[in-house]
Amino acid sequence: MLSLDAGTLGPAALQNYLQYAVAPRPICFASTIDAAGNVNLSPFSFFNLFGTNPPVCVFSPARRVRDNTIKHTLENVLEVAECVINIVDYAMVQQTSLASTEYARGVNEFVKAGFTMLPSDVVTPPRVAEAPVQLECLVTQVLPLGENNGAGNLVIAEIKRIHIREEILDNEGKIDQAKIDLVARLGGDWYCRITADNLFKVPKPLTTMGIGVDALPAAARTSHVLTGNDLGLLGNLAKIPDDETIEAMARREEVKDILDATIGDPANRERELHELARIYLQGGQAEEALKVVLLAAI
Ligand SMILES: Cc1cc2nc3c(=O)[nH]c(=O)nc-3n(C[C@H](O)[C@H](O)[C@H](O)COP(=O)(O)O)c2cc1C
């Protein structure tokens, strides 16, 4: 494993390692305005949601690594403590990247990147009409994280009004994760797109508390067949089945076949039972899988 002391790396090397590893990052497409009324639009992937009551987002226009200058967005929110955080979808990504060009102060990136300004309801900066979600925010605090090249500036923005394009809603009026077509930033020039085929669900841990991986037999925990994801699913089950239930499992045809074929061959028996447990897990039958794993340990 490559282990590095952050203090010994220059800002460019740090930026490279960290932006590739801390990824994907959502993109805040921030619309701001200066005291003279000049509009600015810039993307920031040092961005996330930090609370919902009050609803708060934070993003960071950092000091330029190149020459330690500060960004117009930061200057603007210090002059007019408002912003609109526009959410970026795939259809907008090339123009969003164009809007990150370092145009001179006062140049409106809505115009340069070809986006449409939509008046906001409660703040002065306009919204990006093309964005699927637009968050009108008041900037409550700006926290500098340092003074050297690459230092962040946390812009803490409280969301006051939310606009959502109706086409991305499901039948219950909630955002459909597959329809919003989000993009996110990774390291260098890499981006990713969230599409229906790369979405998956992880069930929340049981509120009643799962048995935990430590409750599984040692052979399961050190298995060469079962993966960490498999152990996570097994550890999330509510209880260890009783002996009678495990014995009943031994009479199931596919289990019995393995037991009969591996008499006197414990290593292969364990491996084949673990493989069968994986098949159950992949089919969503975690309880059956646990019974097989326990049987393998008898
Ligand atoms: C997708 C994307 C994400 C970016 N994220 C950040 C970021 O989090 N922080 C930052 O300082 N610059 C970031 N940049 C670069 C800024 O957008 C760029 O410096 C921009 O010119 C700043 O504009 P301004 O000076 O008008 O505020 C990003 C650029 C792109 C394309």
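Gly152 sits in the loop that links β9 (133-144) to β10. In this predicted model, the glycine counts as partly exposed because 16 C-beta neighbours fall inside 10 Å, and a residue needs 20 or more to be buried. Which residue, 90 positions away along the chain, comes up to Gly152? That residue is Ala62, and the two C-alpha atoms are separated by 4.1 Å. Leaving aside residues up to four places away in sequence, Gly152 touches Phe46, Ser60, Ala62 and Leu145.

Phe46 leads us on to the ligand, since Phe46 is among the residues that come nearest to the ligand, together with Ser42, Lys71, Thr73 and Ser100. In total, 17 residues surround the ligand. Two elements, β3 (39-44) and α2 (72-79), each give at least two residues to this shell, and β3 provides the largest share, with four residues. Sorted by class, the shell has six nonpolar, eight polar and three charged residues.

Let us turn to some loops with backbone features worth a look. The loop between α1 (11-21) and β1 (25-26) holds Pro24, which is joined to Ala23 by a cis peptide bond with omega of about -5°. A cis peptide bond also joins Asn53 and Pro54, here with omega of about 5°; Pro54 belongs to the loop between β4 (47-52) and β5 (55-59).

Positive phi values come next. Asn68, in the loop between β5 and α2, has phi near 65°, a positive value in a residue other than glycine. Is Asn68 buried or partly exposed? With 13 C-beta neighbours inside 10 Å, Asn68 counts as partly exposed, because being buried takes 20 or more. Asp181 is also a residue other than glycine with a positive phi, near 60°, and its place is the loop between β10 (153-164) and β11 (183-185). Asp181 has 18 other C-beta atoms within 10 Å and is therefore partly exposed.

Now follow the chain to its helices, beginning with α9 (residues 266-282). How far apart are the end C-alpha atoms of α9? They are 24 Å apart, which agrees with the 24 Å that 17 residues should span at 1.5 Å a residue. The buried residues of α9 are Glu270, Glu272, Leu273, His274, Leu276, Ala277, Tyr280 and Leu281. An α-helix has 3.6 residues a turn, so residues three or four places apart point the same way. With that in mind, you can trace Leu273, Leu276, Ala277 and Tyr280 among the buried positions of α9. The packing partners of these buried residues are α5 (218-221), α6 (228-235), α8 (253-261) and α10. Just past the end of α9, Gly284 adopts a positive phi of about 80°.

Helix α10 (residues 286-296) has its axis within 8 Å of that of α9, and the two cross at roughly 170°. An angle over 145 degrees counts as roughly antiparallel, so α9 and α10 are roughly antiparallel. From α9, the contact draws on Arg269, Glu270, Leu273, His274, Leu276, Ala277, Tyr280 and Leu281, while α10 contributes Ala286, Glu288, Ala289, Val292, Val293, Leu295 and Ala296. By class, this contact between α9 and α10 has 11 nonpolar, one polar and three charged residues.

A contact with another helix, α7 (residues 243-250), meets α10 at an angle of about 90°, with the axes 9 Å apart. The two helices are therefore roughly perpendicular to each other. Here Thr245, Ile246, Met249 and Ala250 of α7 meet Lys291, Val292, Leu294 and Leu295 of α10. The classes in the contact of α7 with α10 are six nonpolar, one polar and one charged. Val292 and Leu295 thus appear in the contact with α7 as well as in the contact with α9.

Why is α10 described as largely enclosed by the rest of the structure? Eight of its 11 residues are buried, namely Ala289, Leu290, Lys291, Val292, Val293, Leu294, Leu295 and Ala296. The cover over these buried residues includes α5, α6, α7, α8 and α9.

Conventions
Residues are numbered from 1 along each chain as its sequence is written. This is a predicted model: local features need pLDDT of at least 70, side-chain atom pairs count only at pLDDT 80 or more; totals for chains, interfaces and linings use all residues. Axes are lines fitted to C-alpha atoms, for helices over the stretch in contact, and angles run from 0 to 180 degrees between N-to-C directions. Angles under 35 degrees count as roughly parallel, over 145 as roughly antiparallel, 65 to 115 as roughly perpendicular and the rest as oblique. Two residues are in contact if their C-beta atoms, placed from the backbone, lie within 7 Å. Ala, Val, Leu, Ile, Met, Phe, Trp, Tyr, Cys and Pro count as nonpolar, Asp, Glu, Lys and Arg as charged, and the others, Gly among them, as polar. A residue is near a molecule or strand if its C-beta atom, placed from the backbone, lies within 6 Å of it. The expected span of a helix is 1.5 Å times one less than its number of residues. A residue is buried if 20 or more other C-beta atoms lie within 10 Å of its own, exposed if 12 or fewer, and partly exposed in between; C-beta atoms are placed from the backbone.
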